[in-house]
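Please open the structure in a viewer that can select residues by number. The tour below proceeds stop by stop, naming what to select and what is found there.

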Amino acid sequence: MSTVDPTAYTVVTNEGRNESPSFQELRQALEKGSDQLKLDTLTQIIVSTLNGNPQPNLLMPIIQFVLPNRNKQIKKMLAFYWEICPKLDENGKLKQEMILVCNAIRNDLQHPNEYIRGGTLRAVQKLQEAELLEPLVPTVRSCMEHRHPYVRKNAVFTVYSIFKTHEHLIPDAPEILLTFLAAESDPTCRRNAFVSLCNIAQPRAVEYLLSIFDEISSLDELMQLAVIDLVRRDARSDSPHRAKWIRTIFELLTASSSTVKYEAATSLTTLTSNPAAVKAAAGTFLELCVKEADNNVKLIVLERVNALRIKHEFVLDSLVMDVMRVLNSAAGGGDMEVKRKALALALELVSGRNVGEVVAVLKKQLINTQEEKGDEKNLEYRQLLIQSIHSCAIRFSEVAASVVHVLMEFIGDAGNSSAVDVISFVREVVEKFPKLRQSIVAKLLETISDVKSGKVFRGALWIIGEYCAETEDIDSAFQAIRKIIGEVPILASEQRALDEIDGPDEPTGPVEHKPSTTTRVLADGTYATETVYSSSLLEKEKIAKIRAKAAAPLRSLILAGDFYTGSVLSSSIVKLVLRFHEKSSDIKAVNALRAEAMLIMASIIRVGQSKFVAVPIDEDSQERILNCIRTIAELAESRPANELFLADTKAAYAKMVKAAASKVEERKRKENKLVQIQVDDSISFRQFSKKATGGDADELETDLIRATGAADIKDDFISKLSKVIQLTGFSDPVYSEAVVTVHGFDINLDVLIVNQTQETLQNLSVEFATLGDLKVVERASTHTLAPHGFLSLKSTIKVSSTETGVIFGNIVYDGQSASEPSSNVVLSDIHIDIMEYIKPGTCTETQFRSMWTEFEWENFLRITTSITDLRVAMNRIASCTNMSTLTSDAYLSGDCNFIAANLYARSIFGEDALANLSLEKSDDGIVSGHVRIRSKTQGIALSLGEKITASMKVASP
């Protein structure tokens with residue numbers, strides 16, 4: 001508690017009671033009820049007073065029948081009542097009855113029980129009336145000398161609160177606090193007195209702090225935090241003691257308390273921008289991050305270090321190894337977030353001087369993941385390490401050679417995503433660093449037999465086909481291909497195995513036919529049952545066993561139906577044969593290689609048409625393989641095809657790498673441009689600036705404003721008018737309208753109620769209910785509304801997911817007599833816009849494809865619009881759904897009548913929304929196509945679809 005917050009509240013609830021007892025019932029309960037009944041009645045009176053019905057006639061019965069009671073719960077509730085009850089009469093003078101209250105409070109301040117004294121002192125802090133406080137001042141002063149620290153620490157804050165509200169009642173409060181500080185030994189009491197002195201007489205507090213300057217490092221934790229707060233505030237006013245304060249904060253960086261270390265490091269960065277001080281503060285932050293076990297603390301501290309990095313560029317580069325220590329300290333359920341943030345920070349700090357050490361730590365961590373259990377988090381961490389090493393190697397070519405061979409050990413990783421990242425890294429390195437090509441290709445040929453994934457196989461085969469340049473490399477490549485594909489033709493060994501199984505054990509009797517029944521969907525959408533009589537299922541089981549026994553990894557994938565990988569194999573073989581034909585003059589060797597290549601490709605097509613394959617070959621793969629066979633058959637005649645295979649594919653990839661690099665550079669340039677200072681910009685002198693400009697704002701206050709969301713609330717009249725929703729009609733007896741404000745995870749309803757009748761409406765309440773993942777926080781309370789009176793209510797609704805929610809409700813009030821039933825006015829529904837919770841986001845192509853495969857809810861929309869420009873239509877869809885376009889501008893540029901793009905957005909609840917857009921422009925200028933939206937939940941997919949449908953109905957301007 002650095003300062004005493006004057007805005008303090010006590011919450012008193014009266015759950016489950018909407019009825020309003022009469023005055024006589026309340027008086028009777030106060031006079032003759034038990035202690036529990038009196039306590040409940042007093043609670044009802046407090047709630048009624050807060051709701052605008054103070055019931056002043058009950059003040060005297062409370063003084064008569066409740067005030068003398070010794071029950072501690074009743075005394076506590078009475079303190080709440082004295083805080084909010086009307087204490088002044090019509091003329092603004094203190095009521096005569098309050099003299100009795102003042103006397104009772106003074107007696108409690110002199111009570112022998114120290115806890116009653118302390119509780120009463122806390123209640124006095126909330127009283128504002130000078131006439132009521134004046135007789136209590138001497139008793140409060142005496143409480144500062146009480147033997148018990150609980151009384152003394154509350155008496156100190158009571159003196160402070162009286163001085164702040166009515167300085168004339170206790171003008172010597174600073175001297176009292178200084179005297180108290182000199183004699184006090186209890187740490188909590190000293191801290192409270194010091195904080196109070198800082199707030200009412202800061203120069204005197206500075207004098208006291210200078211008098212104990214040498215003792216600051218030995219003070220307790222609470223006092224040190226108060227000292228840091230005073231130092232921070234005093235330094236903002238250009239104090240002559242600034243050098244001393246900086247030295248003090250430096251000493252507190254080595255304090256035993258983690259809280260003091262954190263506050264000292266934060267304050268040091270606001271006092272000075274000296275590189276040594278910034279390094280010391282960042283070092284303290286990282287030490288806390290390593291030692292603290294709470295992952296939330298680690299994330300907050302890492303965010304602080306990242307903010308220092310942005311503000312003080314290149315100053316923290318030497319601390320990169322301290323950041324790497326965080327990787328070993330992160331543990332628990334949220335450790336992946338910590339490791340991800342630590343690696344991101346380390347990658348920003350890495351430079352040519354320390355990249356070797358960073359990569360060495362990353363390699364060690366990567367090797368450790370092999371020894372640990374292969375759970376999901378371990379695989380995710382391995383993938384994160386591979387991506388980090390990838391980034392370092394691409395930025396700093398000197399480490400690429402040392403890491404590429406280590407990473408290639410993980411090419412056969414069971415985790416498909418990490419193996420894909422490895423092959424992507426290898427492909428980029430082999431393109432950017434020509435000197436490493438021969439060694440990388442040789443290592444790849446050694447490890448390709450360990451590959452298990454079709455996607456990794458495709459990347460590896462592409463690398464082999466593009467970068468095996470010499471005849472020796474091509475021979476090695478064919479040996480590796482023979483190893484991973486097995487015996488050629490592919491069906492030969494499988495057919496022999498089937499014949500061996502069917503040979504001696506083949507049944508001699510009649511073949512048993514078993515019916516196989518399946519359900520089919522007909523063209524008109526109806527279901528039909530299809531029964532097929534086939535031979536015994538034994539043959540299918542035998543084929544499945546033979547397919548499972550395939551030893552060669554690529555052979556297993558082809559038998560399982562992965563003919564896309566088979567087509568990539570064919571393309572790579574063609575490149576190898578064409579390049580061998582250019583390099584070698586041995587016609588016999590060239591023809592032998594051609595024959596073997598054609599046999600492999602022909603056997604792949606035969607497999608796709610045989611009974612051994614799980615899935616028949618698709619037309620695209622078959623056509624591509626046939627084109628490869630035709631290219632090899634016409635080796636000397638198809639020069640354009642040769643150029644296409646040997647030059648164009650590599651050039652396309654080189655162009656893609658260059659575009660990706662330029663995109664990264666452009667993003668960095670934009671980020672740097674935001675913080676650049678132009679030559680004609682004005683220079684701001686802090687000493688001459690007004691405090692209202694906020695240029696010298698305290699970081700602690702700034703963080704508090706950001707945390708409470710006060711900076712995000714725009715309470716201007718025009719914005720409120722645009723959000724007004726009418727809930728009832730003008731002819732209803734009660735008119736109501738609401739301003740709906742969405743703030744973070746809350747929906748705030750500011751409801752206006754107008755009584756349009758000539759009667760007083762008793763027990764009026766507004767009851768809200770919700771549909772969807774919305775929850776009403778407050779229980780409806782009752783109010784009394786005068787004729788033609790106005791009432792303003794506030795209600796908060798919590799939101800837990802990104803789904804379209806509906807708020808509905810009614811207004812209920814009592815009839816004019818006991819015989820009349822209650823009246824009910826139904827409110828119009830309030831529909832919550834899903835777009836308030838969806839923000840544009842970014843993700844990699846791999847992440848997009850992974851989520852696209854994982855998400856089960858899909859909303860398919862057909863689009864026809866009068867917008868004639870494809871880019872305008874795509875931008876309209878992206879803007880109406882708050883989604884960002886992931887597809888690069890390089891792929892969207894040019895003049896074409898077709899456009900396809902991927903869109904992505906993320907909600908504030910962490911939900912992902914994906915969209916795939918395909919639009920076509922016909923000859924008559926009409927744009928049509930479809931959008932596929934996928935998400936984890938049905939609500940977000942349907943809501944985004946509704947937004948797109950509504951947007952496409954609007955013609956282009």
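Select residues 912-921 and 927-935 to begin: these are strand β17 and strand β18. The two strands form a hairpin with 5 residues between them, and Gly-925 in the turn has a positive phi of about 90°. The model in view is predicted. Strands β17 and β18 run antiparallel and are joined by 9 bridges. To see one of these pairings, select Ala-913 together with Ser-935, its bridge partner in β18.

Keep β17 selected and add residues 898-907, which form strand β16. β16 and β17 are likewise antiparallel, with 9 bridges joining them. They too form a hairpin, here with 4 residues between the strands, and Gly-910 in the turn has a positive phi of about 85°. Within this pairing, Ile-899 stands opposite Leu-919 of β17. Is strand β17 mostly covered, or mostly uncovered? It is mostly covered, since 8 of its 10 residues are buried.

**Next stop: Ser-884**

Select Ser-884, which belongs to strand β15 (residues 884-885). Ser-884 counts as buried because its relative accessibility is 15%, and the cut-off for buried is under 20%. Show its surroundings: beyond the residues up to four places away in sequence, Ser-884 touches Pro-840, Gly-841, Thr-842, Asn-902, Leu-903 and Tyr-904. From this group, pick Gly-841, whose backbone oxygen lies 2.2 Å from a polar atom of the Ser-884 side chain. Then add Leu-914 and draw a distance between the C-alpha atoms: Ser-884 and Leu-914 are 9.9 Å apart in space, with their positions 30 residues apart in sequence.

**Next stop: Arg-579**

Move to helix α31 (residues 563-583) and select Arg-579 within it. Which side chain of opposite charge is nearest to Arg-579? It is Glu-466, 4.4 Å away; Arg-579 is buried yet has no salt bridge. A salt bridge would require a distance within 4 Å between the charged atoms. Display the contacts of Arg-579 as well: setting aside neighbours within four places in sequence, they are Gly-465, Glu-466, Cys-468, Ala-469, Ile-474 and Leu-646.

**Next stop: aromatic rings**

Show the side chains of Phe, Tyr and Trp. The count of aromatic pairs comes to 8. Start with Tyr-115 and Tyr-150: the ring centres are 5.2 Å apart and the planes meet at 45°, so this pair is tilted. The pair links distant parts of the chain, as Tyr-115 lies in helix α6 (residues 114-124) and Tyr-150 in helix α9 (residues 149-165), 35 residues apart.

Now select Phe-730 and Tyr-735, an aromatic pair that is stacked, with 5.1 Å from centre to centre and 10° between the planes. Colour these two by accessibility: Phe-730 is exposed, with a relative accessible area of 58%, whereas Tyr-735 is buried, at 10%. To finish with the rings, select Trp-462, Tyr-467 and Tyr-653, which form one aromatic cluster.

**Next stop: Asp-108 and Gln-125**

Select Asp-108 in helix α5 (residues 98-109). Asp-108 is buried, with a relative accessible area of 17%. Add Lys-75 to the selection: a polar contact of 3.2 Å joins the side chains of Asp-108 and Lys-75. Apart from neighbours within four places in sequence, Asp-108 is in contact with Lys-75, Ile-116, Arg-117 and Thr-120.

Continue along the chain to Gln-125, located in the loop between α6 and α7 (130-133). At 23% relative accessibility, Gln-125 counts as partly exposed. Which residues does Gln-125 touch, not counting residues up to four places away in sequence? They are Asn-154, Phe-157, Thr-158 and Ser-161. Add Val-159 and compare the C-alpha positions: Gln-125 and Val-159 are 34 residues apart in sequence and 8.3 Å apart in space.

**Last stop: the whole chain**

Clear the selection and view the protein chain in full. It has 40 helices and 18 strands. Of its 957 residues, 45% are buried. Among contacts between residues at least 6 apart in sequence, 67% join residues at least 24 apart.

Note on methods: Residues numbered from 1 in each chain as written. Predicted model: local features only at pLDDT ≥ 70, side-chain atom pairs only at ≥ 80, totals over all residues. Heavy atoms only, no water. Buried < 20%, exposed > 50% of the residue type's maximum accessible area, 1.4 Å probe, protein only. Pairing = 2+ DSSP bridges. Contact = heavy atoms within 4.5 Å. Polar contact = N/O pair within 3.5 Å; in protein donor to acceptor, adjacent residues only side chain to side chain. Lys, Arg positive; Asp, Glu negative; His and termini not counted. Phe/Tyr/Trp six-rings, centres within 6.5 Å; stacked < 30°, edge-to-face > 60°.
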